[in-house]
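Me: Please take a close look at one part of what is shown below, and then place that part within the whole. I am a first-year student, so please explain each term when you come to it.

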Amino acid sequence: MPTLRRQLPSANALFVFESAARCGNFTKAAAELGVTQPAVSRMLSLLEEHLEVQLFLRTPNGTVLTENGQILYQGITDGFQDIERAIQEIRARSTGLETVTLSVSTAFTTHWLMPRMHKLQAEFPSIDLRFQLISGSVGGSVEDVDLGVRFVSGEDVHHQAALILPEILVPVCSPAYRKQHVVGEHHDSGVTLISLSDSRIDWFELFPSFQSETLGSTHSLIFSDYAVVLQAALLGQGIAVGWMNVVSYWLDTGALVPATTKPTAIATERLCHLIHSRKKPLSPAAAEIRDWIIEETRNDVAKVAKHYPELELEALIAPTRR
């Protein structure tokens, strides 16, 4: 540590550099740090002089890191994360509570986790959950969280992954909507398809049999949040594509049902995983939450498979168990 001090003009330079690199703009960094923009510029100039390298390239639209700047930024980011984890561990020891942060969709949180939150809290009374919520298609970095639900289709060298189940899709709607628009006397009046705006789902390509059953005109409702897509389906507004890892609870309870006369489910080439960064060891608390989510999801799917054997869910899941 004495060597590190000699390599820096000030320990504060690390915080200023990290903020400027992350913000990509000295003015934004100054606002975040509560100082003036000239003060940020002076500190970073001192740092560059001290290290005898250029860390930033100044552009009309802000700043970008040089190669040396990127090396320093990665090192500082990793160091800050280690310090943050240490502080969290100290606080957890003093309070008896551990915090697990999840990066998950708003739909998973609303429609899968919330109905069983009381069960989770009863099983893990010493764990506090924090959420990084995603409203559209699931993706993004998990560097700042403990676990993230992600769909992957191949090797992932950057993350450790625990399989939940394959990506299984099934058209779903409320029982009342199915009775009226799919099998009832108004089934030829057309249906409303509820979709996610940034999804690439092609209804009739994925579900060919669904096209032959869809008579009359087809209307659309499109939302940017999958939680709202499912809420609209629950309220009887139309038919939605159900991701099994999200809709399993509603299919088990009967609040949602398969939306075709011959229930159909398909598995894509992608697999649904709980992942975490290889740079960040998984805490025992996070491992417990991971295993609980996997077990609960698979129990749900087993129940749905019993309700709807025609979906052939066991056959869709079987290849991932080999």
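Reply: Cys272 is buried, because its relative accessible area is 0%, where buried means under 20%, exposed means over 50% and partly exposed lies in between, with a 1.4 Å probe and only protein chains considered. Cys173 counts as buried too, since its relative accessibility is 0%. The structure nevertheless holds zero disulfides, a disulfide being a pair of cysteine sulfur atoms within 2.5 Å.

This is a predicted model, in which local features need pLDDT of at least 70 and side-chain atom pairs count only at pLDDT 80 or more, while totals for chains, interfaces and linings use all residues. Residues are numbered from 1 along each chain as its sequence is written, and side-chain values use heavy atoms, with hydrogens and water left out.

Another buried position is Asp300, which counts as such because its relative accessibility is 4%. Asp300 lies in helix H13, which covers residues 284-307, and, with neighbours within four places in sequence set aside, Asp300 is in contact with Trp112, Arg116, Ser248 and Tyr249 (contact means heavy atoms within 4.5 Å).

Turning to the whole chain, there are 14 helices and 11 strands, taken as DSSP runs numbered from the N terminus (H or I over at least four residues for helices, E over at least two for strands). Of the 322 residues in the chain, 44% are buried. Among contacts with a separation of 6 or more, 78% join residues that are 24 or more positions apart. The chain exposes about 16900 Å², with carbon and sulfur atoms supplying 53% of that area, as computed by the Shrake-Rupley method with a 1.4 Å probe.
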